[in-house]
Amino acid sequence: MSSQPVVMRRERLAEFDYLRGMAIAMIVLGHSIFLAQPTFPALLENILRGGTGLFVFISGFFFHRIFYPHFDYTRFIAKKASSLLIPFLIISAFALLIRMLGWWQDGLNWHENLLNAWCTARNGYILYPHWYIPFIFLTFLCSPLHLIYIRAHLSVQALVFIAFSLIALLIHRPQSNSNLLQSLIYFTPYYLLGILFSQYEPQLRRWHWPLLMVSLLVITATAITQTYIWEHIGNYHKAAFVYEGWDLQFIQILFGCIAMLALCRHIRPWLQQHLCWLAELSFPIFFIHPLLTIALENLVVMEVIKPFFPVSSLGMSLLIFTLVFLVQFYGSVAIAVLVRNIAKRNSRFIVG
């Protein structure tokens, strides 16, 4: 592989639009397991968890492909603030209001209610998956460092990527995803990998089949090892400077980015249009689906509904998981389309 960056091209690659559609589906799939326990297959859960890395990988790719050729830091941050932070604040305020009403119905007085609200908000997010927004905005604030990385020699880029990957293997994701600096360090390798795949895309494309085969082997090996040998389920979370072993999920998702991108080059035409549509709705789906999670949680605990969720067998677990995914995913799609039809251009300030 040449050590010189390829000539910049501004066109988008179709497979990355397909990958965006698949990435948001992966994230919602990982968030659809909560009602399917305790009989949900451990191996499948480990494969579905950690889809956030795909989003970060895609962001790194588009940073280099779209923004880098004519990069303006002020305009870049202003655009990201309007498209991310404003809807994040609006939906968070709405979600906090819903939670406070629920606490009020549970019998908490106004003082306890406000204390709960403060304890919820101080993590930096209200809806759990939304920890991603302040984290990725912090990543965007670091763009001058990413510019230096892009302009560096390939050997330096490789060393920096390997160094951050080794750190991520040991540091793990933060507890409750509330430590922004730890998340920034942990997810930086995904962002750098996305940059590299844009910068050296013609050369990497020639290695399509070897990269796909190796990635599938690594994914299989790490998922089996994590599930049946190390017996760890889901993502690895801990305090930054406490040693708790190696994060196999990090390796699995890192190679998962490569494998899924390669597979996107073989997407059938009948699926391409649907994935592009989902890709265009990816952030509205991300913003909205936690609200449906709350609705499902509140619905299932009701005595009238509870008997219909007997998670006592593998078949029922998979059925409930599928139903929860469909409600969260396509329910979010329906809400996003409705908001866009009503609010028109202003909808981006509400749902992203």
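D17 and R20 sit three residues apart in helix α1 (residues 14–30), so about one helical turn separates them. Their side chains meet in a salt bridge, with N to O at 3.5 Å. Both D17 and R20 are buried. The model is predicted. It holds six salt bridges.

**Salt bridge in α1**

- R20 lies in helix α1.
- R20 has a relative accessible area of 18%, so this arginine is classed as buried, the cut-off being under 20%.
- R20 and Y236 are 216 residues apart in sequence. Their C-alpha atoms are 24 Å apart in space.

**Salt bridge E45–R49**

- E45 pairs with R49 in a salt bridge. The closest N and O atoms of E45 and R49 are 3.2 Å apart.
- E45 is buried, because its relative accessibility is 7% and the limit is under 20%.
- R49 has a relative accessible area of 21%, so R49 counts as partly exposed.

**Salt bridge in α10 and the network**

- E201 and R205 form a salt bridge through their side chains, at 2.6 Å from N to O.
- Both residues lie in helix α10 (residues 201–205). They are four residues apart, about one turn of the helix.
- Is E201 buried or exposed? E201 counts as buried, because its relative accessibility is 4%.
- R205 is partly exposed, because its relative accessibility is 33%.
- A network of salt bridges links E15, E201, R205 and R265.

**Helix pair α6 and α7**

- Two packed helices are described by the angle between their axes and the distance between the axes.
- Helix α6 covers residues 132–141, and helix α7 covers residues 143–151.
- Their axes come within 5 Å and cross at roughly 55°. The two helices are therefore oblique to each other.
- Which residues of α6 meet α7? T139, F140 and L141 in α6 do so. Their partners in α7 are S143, P144 and H146.

**Nonpolar surface patch**

- A nonpolar patch of about 960 Å² lies on the surface.
- Its members are I162, L166, L170, I224, Y228, I229, W230, Y243 and W246.
- Which elements give two or more residues to the patch? They are α8 (154–171) and α11 (208–229).
- W246, one of the patch residues, is found in the loop between α11 and α12 (248–264).
- W246 has a relative accessible area of 38%, so this tryptophan is partly exposed. That value also clears the patch cut-off, because patch residues need over 30% relative accessible area.

**T52 and its contacts**

- T52 lies in helix α3 (residues 52–67).
- T52 counts as buried, because its relative accessibility is 12%.
- What does T52 touch, leaving aside residues up to four places away in sequence? Its contacts are I27, W131, Y132, R173 and F187.
- One of these contacts, Y132, falls within the residue range 132–141 of helix α6. Another contact, I27, falls within the range 14–30 of helix α1.

Conventions:
Residues are numbered from 1 along each chain as its sequence is written. This is a predicted model: local features need pLDDT of at least 70, side-chain atom pairs count only at pLDDT 80 or more; totals for chains, interfaces and linings use all residues. Side-chain values use heavy atoms; hydrogens and water are left out. Patches are made of residues with over 30% relative accessible area and no salt bridge: like charges are joined within 9 Å, nonpolar side chains (Val, Leu, Ile, Met, Phe, Trp, Tyr) within 5 Å. Accessible areas come from the Shrake-Rupley method with a 1.4 Å probe; for residues, only the protein chains shown count as cover. A salt bridge is a side-chain nitrogen of Lys or Arg within 4 Å of a carboxyl oxygen of Asp or Glu. Buried means under 20% relative accessible area, exposed over 50%, partly exposed in between (1.4 Å probe, protein chains only). Axes are lines fitted to C-alpha atoms, for helices over the stretch in contact, and angles run from 0 to 180 degrees between N-to-C directions. Angles under 35 degrees count as roughly parallel, over 145 as roughly antiparallel, 65 to 115 as roughly perpendicular and the rest as oblique. Contact means heavy atoms within 4.5 Å.
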